Amino acid sequence: AAGVIDVQALHIISSLTSDLDVPAVIVAENDIKAREIFEDMYFFDKNTVLFPSRDIIFYSADVHSRDTDIRRVNVLKRLLSRERVNVVVSAEALFDRLVPPKVFKASVINIKEGDELDLEALGMRLVFLGYERTDETQSKGQFSIRGGIIDIFSPAEENAVRIELWDNEVDTIRVMDVSTQRSSDRLEKTEIYPFNEFFYSEKNLENAVSGIEKAYKKTMALFNKKNLDDEALMLEHHVGEALEKLKSGEHDSSAAGFINYFYEETVNIFGYTKENAVIYFDELSHIKQK
């Protein structure tokens, strides 16, 4: 698309992918440019999504955008369904490591009428998938268990679901309005997706803690030997504190920075896109600099 203004280039990409019935992956130099491209591309093709990069503070803070989590999970869900989806991504987001598609797919909880549920096991699994347990489910990524009633708000759905048990068997599944806390339409089944794309099992956690602790102690000993006090303090603040949270069993999304300790294999967004996707680099020289 050399010598062609941005909007014209996107029009060409839209026509090309539509005629060939293949998706496009459009790589921008940064998040700001990626958002601009997404808005223009969406005008030509509504099957276009933006895969935002993790927040700058993602790896070093307890608070980060839940909206980013939700948007990223929804993109991965659509890609897993093998839809023809055009993905706009920044150069930064290309470096985000993700769990393999098979692991993401296996993490989805499928519940249907007649299933038997272990409430304690379900609650623990939801926590490991990034959900927050609350007294009342009010927003995406929350769940509550009251007696034989389970409310869950998956990030991949527009509404929460209410699951009612008879003893330990699923009696009904209904759509729930979080603003009124009332349930309505009955469903035969529901799918509960992870709240964010970084999740793990209890076994993953044990292996990660062991590996991180070993590397942490080795590096800390090296810093102390060389009298690198500032570096040691920074390591303790960033890694030591995260390690203590993981040891306590607290789910910490910022631990995604240690994803290689949780999974032997990881991928980037290209691991989720179709093999025949057309890849377009906007301002390639700027992307190379990144």
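**Exercise 1. Explain why strand β6 (residues 142-146) is described as largely enclosed by the rest of the structure.**

Solution.
- The model is a predicted one.
- Take the cut-off: a residue is buried when its relative accessible area is under 20%.
- Apply it to β6: four of its five residues are buried, so the strand is largely enclosed by the rest of the structure.

**Exercise 2. Find which strands pair with β6, and in which sense.**

Solution.
- Start with strand β5 (residues 132-133): its pairing with β6 is parallel and has two bridges.
- Pick out a residue pair: Arg-133 has Phe-143 of β6 as its bridge partner.
- Turn to strand β7 (residues 149-152): its pairing with β6 is antiparallel, over four bridges.
- Here Ser-144 stands opposite Asp-151 of β7.
- Look at the connection: β6 and β7 form a hairpin with two residues between the strands. Gly-147 in this hairpin has a positive phi near 65 degrees.

**Exercise 3. Work out the strand order of the open four-stranded sheet and name its edges.**

Solution.
- Read the order: β2-β3-β1-β12, with parallel pairing.
- Identify the edges: β2 (48-51) and β12 (278-281) each pair on one side only.
- Add the twist: on average, neighbouring strands of this sheet are turned by 20 degrees against each other, direction ignored.
- Check one pairing: β1 (residues 24-28) and β3 (residues 86-90) are parallel over four bridges. Ile-26 faces Val-88 of β3 in this arrangement.

**Exercise 4. State which strands helix α1 (residues 6-20) lies across, and its angle to β1.**

Solution.
- List the strands: α1 lies across β1, β3 and β12.
- Give the angle: α1 runs at about 155 degrees to β1.

Methods
Residues are numbered from 1 along each chain as its sequence is written. This is a predicted model: local features need pLDDT of at least 70, side-chain atom pairs count only at pLDDT 80 or more; totals for chains, interfaces and linings use all residues. Side-chain values use heavy atoms; hydrogens and water are left out. Two strands pair if DSSP finds at least two bridges between them. Axes are lines fitted to C-alpha atoms, for helices over the stretch in contact, and angles run from 0 to 180 degrees between N-to-C directions. Contact means heavy atoms within 4.5 Å. Buried means under 20% relative accessible area, exposed over 50%, partly exposed in between (1.4 Å probe, protein chains only).
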